[in-house]
Each structure stands twice: as structure tokens, then as C-alpha cells.
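The exercises that follow concern helix packing and nonpolar cores, and each is paired with a solution that proceeds step by step. Please work from the coordinates before reading on.

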Amino acid sequence: MIEKMLEKIKQAKSIVIIGHVTPDGDCLGCQFGLKEIIKDTFNKKEVYAIGEESQTLAYMGKLDTVSDKVVKESLVILVDLANMERAADKRYNTGVDLIKIDHHFNSEEVGSLCYVDCNVSACAEIIARIAIENDLVVSADAATSLLTGIITDSGGFRYTGVSNETFKITAFLLERGADIVELNKKIAMVSYNELKIKGYVIENMKVTDTGFAYCVITKKTMEEYHVIYEEASNAVNSLANIYGYPVWALILEKGSEYRIRLRSNGPRIDLLANKYGGGGHKLASGCRIYNLKEVYQFSADADEVVREYKRKEA
Ligand SMILES: [Mn+2]
């Protein structure tokens with residue numbers, strides 16, 4: 001499959017790389033990293049990374065803007081994108097050909113080639129592995145982008161999916177010039193307002209009887225704390241690792257709905273997310289509800305997941 005993929009890349013007149021909406025470090029890391037690798041390996045190939053920017057990850061670079069005509073003439077590569085409704089550019093289907101590289105559980109199968117490996121910590125790990133195995137050119141910038149993906153998606157080498165392979169790949173990226181100390185510094189930086197909203201989350205968290213911890217952040221609260229949606233949503237892990245509360249979530253108002261960022265260090269919660277029209281990984285998923293009344297039902301369902309888990313554990 002990888003050989004075919006590289007052949008398609010080689011043959012393509014131009015390439016457009018698309019990730020998901022509200023991009024994280026892995027999404028943008030894959031977009032910038034893959035773009036750089038293709039440009040450096042296949043001389044003079046036109047490669048564009050398009051989609052949504054992230055204010056908090058702006059140090060990674062600027063995305064491109066392309067006309068409909070360019071997309072139509074291009075091979076489109078999707079990265080770190082499980083469900084097509086989350087595609088950061090809706091023109092993904094208008095290209096000459098479509099391929100996909102992803103690491104999400106329940107990743108939608110699309111395109112003429114769809115390479116999904118859910119055993120890795122980050123999509124960036126797959127791209128780095130392809131580069132290593134096929135002797136593609138990986139510059140220091142590309143290595144930095146891919147390592148950003150690995151570090152952010154693995155929570156600093158702490159989450160499921162981290163393996164000896166992850167460290168071998170990381171060693172390779174360091175050899176190629178990625179500066180892990182600098183990178184960790186950048187990733188760890190928070191704004192004053194971001195820290196304050198974390199305080200709000202801890203102060204205003206609710207818990208259910210059995211062990212689900214959550215906090216609702218409305219648009220009004222975001223305004224009061226002068227944070228944008230991304231900054232507020234980064235506070236999800238302020239509720240992580242509390243004894244007795246293996247499942248936690250942030251419920252954030254966005255537009256006319258509420259996005260739920262659901263996390264676990266025990267029971268799998270992707271099925272719960274599925275029930276609410278979302279999905280993701282076994283221990284990190286997302287879904288949405290449409291009004292605050294639904295919070296009661298959602299927390300009751302999450303509580304039930306924890307109850308079942310604790311019953312089995314006992
Ligand atoms: Mn990812």
C-alpha cells in the first residue's frame with residue numbers, strides 16, 4: 001500500500017494536504033511535516049497544506065490558500081482525520097485522487113488508498129515511519145513538525161500507543177535536527193488567561209456518584225476569562241488523574257451546540273461518544289450535545305460507564 005501511495009505522490013502534478021477542524025499538534029504536525037518531506041524528496045513538486053489555523057500552534061507555520069482549480073488538479077492527502085465531516089476543507093473530494101493516512105479507531109474508509117494504523121501514538125508516527133522505511137528526505141523542520149505531533153498526541157510519551165517504535169522514530173527525528181527541549185518548552189507554554197480558565201475548571205467541576213468528573217464552560221465564561229475556544233478546551237486534562245474519577249470531560253459551548261471532550265484512564269469511552277454521534281480513541285473521544293439539559297443524561301450515561309468498569313474491577 002505504501003509503495004502505491006508513494007507512486008501516486010510521485011505522479012501527482014500537485015498535492016493538497018488536509019487535516020481536521022480545530023486542529024491539534026498532530027494534525028498540523030502531519031500537514032507541515034508531510035508537505036516538507038514531499039517537497040524535499042520529489043523536487044519542485046507543488047505541495048499545499050490547507051485547512052484551519054490554530055492560534056496556539058501558530059509557531060508551526062502558516063497554512064496555504066488554494067483555488068478550487070488547484071484542488072481539482074491535485075492529489076488530496078488526508079491526515080489525522082477520522083470522520084469526513086470533520087475535514088478542515090470541504091473540497092477534499094474534488095481532487096484527481098484521494099488518499100488517507102490516519103491512526104484513529106473507527107476511522108472512516110475513504111479514498112483510493114486508506115492507510116490506518118490505530119496502534120501508534122500519533123499520525124505523525126506513521127508519516128515518520130513511511131519516511132524512514134522509504135529513505136525520504138526529512139529536514140530539521142519536517143522532523144520538528146512530526147515530533148510536535150508525537151509529543152502532543154502522546155501527552156509527552158505517556159499515553160496508549162507509545163511503544164519502542166515511538167522512541168526509535170523519535171530518535172530518528174532528533175538525529176534529523178528536531179530540538180526536543182525547545183519543542184517541549186513551546187508546547188508547555190500557556191497564556192495567563194489559559195491558566196486562569198484551568199483554575200475555573202478545577203473550581204467549578206461537578207462529579208457524579210460513581211466517578212465521572214466534568215465541567216461546563218459556556219461562551220459567556222470564555223468571554224469573562226478572555227480565552228478562545230481552543231484555550232478553554234486545553235483545560236480538559238485539569239480534571240485528569242483524580243483518584244476514583246477514571247472518566248472526565250469538558251463540555252464547551254461552541255456556536256449553537258456544546259462540544260464534549262471526553263477522556264478516560266480506565267474504561268473505554270469511545271462507545272459512549274458514538275452514542276452521542278461522536279467518536280475517537282478508546283480513552284480520548286469527542287461528541288456533542290445541543291442544549292444544557294442533555295448534560296444530565298450525558299453525565300448519567302458516563303456515570304454508568306464508570307459503574308460498569310468499577311464493578312468489573314472489584
Ligand atoms: Mn492524532
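**Exercise 1.** Classify the mutual orientation of α5 and α7, and describe their contact.

*Solution.* The structure is a predicted model, and the orientation follows from the fitted axes. The axes of α5 and helix α7 (residues 180-188) come within 11 Å and cross at roughly 55°. Angles under 35 degrees count as roughly parallel and 65 to 115 as roughly perpendicular, and α5 and α7 are therefore oblique to each other. The crossing of these two helices is right-handed. On the α5 side the contact is made by Thr 144, Leu 147, Thr 148, Ile 151 and Thr 152, while α7 contributes Ile 180, Leu 183, Asn 184 and Ile 187. By class, the residues of this contact are five nonpolar and four polar, with no charged ones.

**Exercise 2.** Determine how helix α5 (residues 140-153) is oriented with respect to α6, and which residues meet.

*Solution.* The two helices pack at an angle of about 150°, and their axes are 9 Å apart. Because angles over 145 degrees count as roughly antiparallel, α5 is roughly antiparallel to α6. The crossing in which α5 passes α6 is left-handed. Ala 143, Leu 146, Leu 147 and Ile 150 in α5 meet Thr 166, Thr 170 and Leu 173 in α6, and the contact comprises five nonpolar residues, two polar residues and no charged residues.

**Exercise 3.** Carry out the corresponding analysis for helix α4 (residues 123-133) and helix α6 (residues 164-175).

*Solution.* The axes of α4 and α6 come within 10 Å and cross at roughly 65°, which means that α4 is roughly perpendicular to α6. The crossing is left-handed. From α4 the contact draws on Glu 125, Ala 128, Arg 129 and Ile 132, and from α6 on Thr 166, Ile 169, Phe 172 and Leu 173. Sorting these residues by class gives five nonpolar, one polar and two charged.

**Exercise 4.** Which residues have the most contacts inside the largest nonpolar core, and what surrounds Ile 17?

*Solution.* The largest nonpolar core has 52 residues, and those with the most contacts inside it are Ile 15, Ile 17, Val 76, Ile 77, Val 79, Ile 127 and Leu 146. Helix α2 (residues 25-41) supplies the largest share of this core, namely seven residues. Once neighbours within four places in sequence are set aside, Ile 17 is in contact with Gln 31, Leu 34, Lys 35, Val 47, Tyr 48, Ala 49, Ile 77 and Val 79. A second, separate core of 33 residues includes Val 201, Phe 212, Tyr 245 and Ile 269.

Conventions:
Residues numbered from 1 in each chain as written. Predicted model: local features only at pLDDT ≥ 70, side-chain atom pairs only at ≥ 80, totals over all residues. Axes fitted to C-alpha atoms, helices over the stretch in contact; angles between N-to-C directions. Helix = DSSP H or I, 4+ residues; strand = E, 2+ residues; numbered from the N terminus. Left-handed = near helix turned anticlockwise from the far one by under 90°. Contact = placed C-beta atoms within 7 Å. Nonpolar A, V, L, I, M, F, W, Y, C, P; charged D, E, K, R; others polar. Core = buried A, V, L, I, M, F, W, Y, C linked by C-beta atoms within 7 Å. Buried ≥ 20, exposed ≤ 12 C-beta atoms within 10 Å, placed from the backbone.
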